[in-house]
Amino acid sequence: MPRSSPDPETALRRLRLRALLKLMALGGIAALVVALTANVISLPGGSDPEPRVLELADIGPGEVKRLRWNGRHVLVVHRDSALLGSLEAIEADALRDPEARRGRQPEGLELPERSFDPAWLVVYGESADLGCELDLVHPQAADGWPGGFEDRCRGGRYDAAGRVFRDQPGARNLEIPQYRLHGDGERLILGGS
C-alpha cells in the first residue's frame, strides 16, 4: 500500500522543528567551544601573567588593599599587632590544615603567618570552595571568633593567615599567589620569578 504524503501544514511543522533542533544543537556546540576556550585561557600555570607592582606604603596597619590580577581578586593585608596576635591565640585543632600542607602557595612561606614577612599577607580574595569574595574581619570587630576572613556567600571563615577553620564549609586554606617583596618591603611584586 503506497504511503500518503503528509499534508502541507504537517510537513511545514516538521521542517520548522528540524531547523529548530539543528539551531539548538549548533548553539550548544558553540557554547561548549566558548566555555572550553575560556577555561584553557584562564588555567593557572599557563602563560605567566604580567607582573604587577604595588607600593605598600599606601596600605596602613590593619587595612586591606583589593585588586584584580591574573583575572582574580587579590587581597593584600597589612597585618597589625591585633591580627598577628589572633594567629597566636588560635589552637591548632581549631583549623583543618594548621601547617598549610594542602593548598596552593609559594615555597618558603613562614608559619603560622603564611607569608615572607609577618606584617604582610597576600591571598586570592575568593573562598576556596565556592569562589565567593572575602571580607577582612578585624579581631576587634569579630564576634565570638578570632577574626580573619569571612566569605560573602555562606559566611565561611578563615584566620588572619587564610587557614580555614575546622567547622567551616571550605575544605582548603586560601590560595596564595606567587609574589615577592622588593626594596626592603617597600613594594610587592605579584607574579614573575
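Aspartate 80 touches Pro61, Gly62 and His138, leaving aside residues up to four places away in sequence. This contact set comes from a predicted model. The residue lies in the loop between strand 3 (72-78) and helix 2 (81-89). Aspartate 80 is buried yet has no salt bridge. The points below take up its charge setting, the hairpin that includes strand 3, a three-stranded sheet and the overall form of the chain.

**Aspartate 80**
- The nearest side chain of opposite charge to aspartate 80 belongs to arginine 79 and is 8.3 Å away.
- A salt bridge requires a side-chain nitrogen of Lys or Arg within 4 Å of a carboxyl oxygen of Asp or Glu, so the 8.3 Å to arginine 79 leaves aspartate 80 without one.
- Pro61, Gly62 and His138 are the contacts of aspartate 80 once residues up to four places away in sequence are set aside.

**Hairpin of strands 2 and 3**
- Strand 3, which precedes the loop holding aspartate 80, pairs with strand 2 (residues 64-69) in the antiparallel sense over 6 bridges.
- Within this pairing, arginine 68 stands opposite histidine 73 in strand 3.
- The two strands form a hairpin with 2 residues between them.
- Asparagine 70, in the turn of this hairpin, has a positive phi of about 55°.

**Open sheet of strands 1, 9 and 8**
- Three strands form an open sheet in the order 1-9-8, with antiparallel pairing.
- Strand 1 (52-55) and strand 8 (179-182) stand at the edges with a single partner strand each, so one side of each has no neighbour in the sheet.
- From one strand to the next, the twist averages 25°.
- Strand 9 (residues 187-190) pairs with strand 8 over 4 bridges, in the antiparallel sense.
- Leucine 181 has leucine 188, in strand 9, as its bridge partner.
- Strands of a sheet pair through backbone hydrogen bonds, either parallel or antiparallel.

**Whole chain**
- The protein has 2 helices and 9 strands, and its elements run α-β-β-β-α-β-β-β-β-β-β from the N terminus on.
- The radius of gyration is 25 Å, well over the 16 Å that the globule rule gives for 193 residues, so the protein is more spread out than a compact globule.
- Taken along the principal axes, the C-alpha atoms fill a box of roughly 90 × 40 × 30 Å.
- Of the 193 residues, 34% are buried, and aspartate 80 is one of the buried residues.
- Among contacts with a separation of 6 or more, 56% join residues 24 or more positions apart.

Terms used. Residues are numbered from 1 along each chain as its sequence is written. This is a predicted model: local features need pLDDT of at least 70, side-chain atom pairs count only at pLDDT 80 or more; totals for chains, interfaces and linings use all residues. Side-chain values use heavy atoms; hydrogens and water are left out. Two strands pair if DSSP finds at least two bridges between them. Axes are lines fitted to C-alpha atoms, for helices over the stretch in contact, and angles run from 0 to 180 degrees between N-to-C directions. Buried means under 20% relative accessible area, exposed over 50%, partly exposed in between (1.4 Å probe, protein chains only). Lys and Arg count as positive and Asp and Glu as negative; His and the chain ends are not counted. Contact means heavy atoms within 4.5 Å. The radius of gyration is taken over C-alpha atoms; the globule rule is 2.2 Å times the number of residues to the power 0.38.
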